[in-house]
Amino acid sequence: MDLGIAGKWALVCGASKGLGFGCAKALVQEGVNVVINARGAEALQAAAEQLQALNTSVQVLTVACDITQPEGRAAVFSVPSGPGKDFDIVVTNAGGPPPGDFRDWERADWIKAVDANMLTPIELIKATVDGMAARGFGRIVNITSSAVKAPIDILGLSNGARTGLTGFVAGLARSGIAAKGVTINNLLPGKFDTDRLATTFKAAAAKSGKELEDIRKAQSAQIPARRFGTPDEFGAICAFLCSQQAGYMTGQNILPDGGLYIGTF
């Protein structure tokens with residue numbers, strides 16, 4: 001299927017590895033020019049080289065910075081040869097806050113979580129959405145977490161911050177921008193085989209006193225698909241949400257989790 005987005009420009013955050021890289025990969029394969037962002041310059045450059053090798057006809061630009069800081073966002077929007085703020089596609093993605101017990105968290109921990117996982121996506125949307133509306137096309141995809149639907153006890157910081165973003169998007173997606181060709185949707189990943197999942201499992205092993213491999217096996221067995229997802233699978237879903245064909249889908253929370261969530265709605 002031709003997704004109809006070749007030649008457009010995308011910003012993909014947290015794209016040096018994991019789900020962000022999976023999204024960037026899928027978009028590049030569709031002929032989309034990308035600006036990829038992550039904090040680590042070396043890993044980001046390695047990712048860019050892999051992406052460029054997949055499609056030599058697109059531009060792959062890198063900005064190594066902290067996207068949660070104003071200086072980082074300014075750098076992304078001023079990258080040489082980039083589109084400035086005129087991105088057609090924005091994929092927001094920031095590392096989730098650490099797991100733990102809410103009794104141990106201070107106000108600063110909550111502010112950091114909200115800043116990264118709620119306010120940063122909102123700032124990126126604020127900077128780009130009006131330009132998208134003026135041009136008549138825009139796709140914003142926020143990578144959040146399945147914890148928005150089914151909270152995870154040790155991920156309280158993530159549960160709170162990401163749910164706040166979800167509520168904001170629910171209203172904005174249904175505002176005047178929907179009639180101007182701009183969609184905003186959230187991707188709520190379940191258990192995908194990434195570094196983030198490994199960190200969560202290590203925390204669970206430490207809390208329970210069980211072996212890490214036993215935790216992995218037990219978690220996998222709970223999933224109807226009997227396996228963890230892959231970044232490529234996740235990226236393909238993201239690319240579809242960015243497509244011309246997905247223009248009638250907005251304000252939705254898409255839950256790729258191998259069937260783990262058992263609710264009807």
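**Exercise 1. Find which residue stands opposite Val34 in E3, then place that pair in the sheet.**

Step 1: Look across from Val34 and you land on Val60 in E3. Strands here are DSSP runs of E, at least two residues long, while helices are runs of H or I of at least four, all numbered from the N terminus.

Step 2: A quick word on the model: it's predicted, so local features need pLDDT of at least 70 and side-chain atom pairs pLDDT 80 or more, while totals for chains, interfaces and linings use all residues. Numbering starts from 1 along each chain as its sequence is written, and side-chain values use heavy atoms, leaving out hydrogens and water.

Step 3: E2 (residues 33–38) runs parallel to E3, and 5 bridges join them; pairing takes at least two DSSP bridges.

Step 4: Zoom out to an open sheet of 7 strands, ordered E3-E2-E1-E4-E5-E6-E7 with parallel pairing. Its edge strands, each pairing on one side only, are E3 (60–64) and E7 (253–254).

**Exercise 2. Is Ser158 buried or exposed?**

Step 1: Find Ser158 in helix H5 (residues 156–172).

Step 2: Check its relative accessibility: 2%, so Ser158 counts as buried (under 20% relative accessible area; exposed is over 50%, partly exposed in between, with a 1.4 Å probe and protein chains only).

Step 3: List its contacts (heavy atoms within 4.5 Å). Skipping neighbours within four places in sequence, Ser158 touches Pro97, Ser145, Thr163 and Arg196.
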